[in-house]
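Q: I'd like a close look at one helix in this model and at how the parts around it are packed. Could you take me through it in one connected answer?

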Amino acid sequence: MTSRFLPTLLDEASRPFRNGGHFAYHYARGKLSSDCIFRELLKRGIFPAEGRFLDLGCGQGSLFGWLLAARRLHDDGHWPNDWAPPPKPLELRGYELMQKDVDRAARAFGNDHPVVSIRQGDMCKVDFGQTDVVTILDALHYIDFAHQKDVIKRIRAALPAGGLFLTRVGDAGGGLRYHICNWVDHAVTFSRGHRLPKLYCRKVAEWCELLRSVGFQVETMPMSAGKPFANIMLICRVPS
């Protein structure tokens with residue numbers, strides 16, 4: 001059933017981005033279909049049953065489209081038996097530095113969506129408020145080491161007991177796979193019209209040490225799905 005289900009989920013998740021224009025739609029479809037993290041987050045049931053979500057560096061909101069589509073399909077009775085139930089998003093807030101991505105999100109979801117709110121903002125400066133889940137997918141390495149620590153400390157403060165911080169990073173100790181990962185990262189960034197950034201990466205053990213120092217329990221999980229990358233998902237929970 002899964003092989004038949006995934007194309008349906010992809011169609012449902014990418015449909016809103018037709019309103020964002022040709023690039024928005026095809027970028028969403030390409031990202032959601034080729035990146036294993038979206039599938040694995042749902043399949044493994046990593047998110048809570050329901051909650052408020054905050055995505056930092058959210059781009060045009062592809063993750064939000066994915067979560068909303070998953071919940072709709074589940075509620076309609078169209079869901080794989082061997083997958084965990086998807087979360088029920090009570091709130092989907094996102095901050096994105098690039099205004100063009102924010103504009104695409106506004107066209108995709110509208111300005112008065114009952115759940116989704118995506119605004120322009122720098123994760124180093126915006127107020128995170130209170131939330132249940134924070135995600136940073138492939139963006140934490142764009143800010144310098146001092147700001148990384150500050151952002152992680154503020155994420156911890158924004159989460160309740162049992163709260164979840166989920167991020168994916170490149171393992172700087174991953175040798176050639178790490179360098180391939182960075183090359184692809186630069187290529188994608190450039191293709192989206194952004195300047196090539198300086199990257200601030202750490203070894204996995206260093207990431208875990210930093211996260212534990214501010215009070216997270218940390219689980220690591222490879223997240224490259226057979227591709228020659230050094231991507232690691234860090235599942236960070238606030239002790240209950």
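A: What follows starts with the whole chain, turns to helix α3, and then visits a few other places in the fold.

Happy to help! Please keep in mind that this is a predicted model. The mean pLDDT of the protein chain is 89, and 86% of its residues reach 70 or more. One stretch to treat with care is residues 175-181, where pLDDT stays under 50 and the model has 13 contacts beyond four places in sequence. Where pLDDT is low, the predicted coordinates should not be read in detail.

The protein chain has eight helices and seven strands. Of its 240 residues, 52% are buried. Taking the contacts between residues at least 6 apart in sequence, 74% join residues at least 24 apart.

Now to the helix itself. Helix α3 covers residues 36-43. Six of its eight residues are buried, so α3 is largely enclosed by the rest of the structure. Those buried residues are C36, I37, F38, E40, L41 and L42. For C36, the relative accessible area is 6%. After α3 comes G45, which has a positive phi, near 65°.

The partner to look at is helix α4, residues 62-75. The axes of α3 and α4 come within 11 Å and cross at roughly 35°, and the crossing is right-handed. On the α3 side, the contact is made by F38, R39 and L42; on the α4 side, L63, W66, L67 and A70 take part. By character, the residues of this contact divide into six nonpolar, no polar and one charged. F38 and L42 belong both to this contact and to the buried set of α3.

Since C36 is a cysteine, you may wonder about disulfides. The cut-off for one is a pair of cysteine sulfur atoms within 2.5 Å, and by that rule the count is zero. Another buried residue is C201, with a relative accessible area of 15%.

Two strand residues extend the picture, and they make a nice pair to view side by side. L56 lies in strand β1, which spans residues 50-56. L56 has 0% relative accessibility, so it counts as buried. Leaving aside neighbours within four places in sequence, L56 is in contact with Y95, M123, F128, V134, T135, I136 and I155. The C-alpha atoms of L56 and R93 are separated by 8.6 Å, although these residues are 37 residues apart along the chain.

K88 is found in strand β2, residues 88-96. Whereas L56 is buried, K88 is partly exposed, with a relative accessible area of 40%. Beyond its neighbours within four places in sequence, K88 is in contact with A49, E50, G51 and R71. Two of these tie back to elements already described: E50 falls in the range of β1, and R71 falls in that of α4. The C-alpha atoms of K88 and D75, 13 residues apart along the chain, are separated by 9.9 Å.

One last stop is worth a look if you check backbone torsions. D138 has a positive phi of about 65° although it is not a glycine. You will find D138 in the loop between β4 (133-137) and α6 (145-158).

Notes. Residues are numbered from 1 along each chain as its sequence is written. This is a predicted model: local features need pLDDT of at least 70, side-chain atom pairs count only at pLDDT 80 or more; totals for chains, interfaces and linings use all residues. Side-chain values use heavy atoms; hydrogens and water are left out. Buried means under 20% relative accessible area, exposed over 50%, partly exposed in between (1.4 Å probe, protein chains only). Axes are lines fitted to C-alpha atoms, for helices over the stretch in contact, and angles run from 0 to 180 degrees between N-to-C directions. Helices (H or I, at least four residues) and strands (E, at least two) are DSSP runs, numbered from the N terminus. A crossing is left-handed if the near helix is turned anticlockwise from the far one by less than a right angle, and right-handed if clockwise. Contact means heavy atoms within 4.5 Å. Ala, Val, Leu, Ile, Met, Phe, Trp, Tyr, Cys and Pro count as nonpolar, Asp, Glu, Lys and Arg as charged, and the others, Gly among them, as polar. pLDDT is the predictor's confidence in each residue, from 0 to 100.
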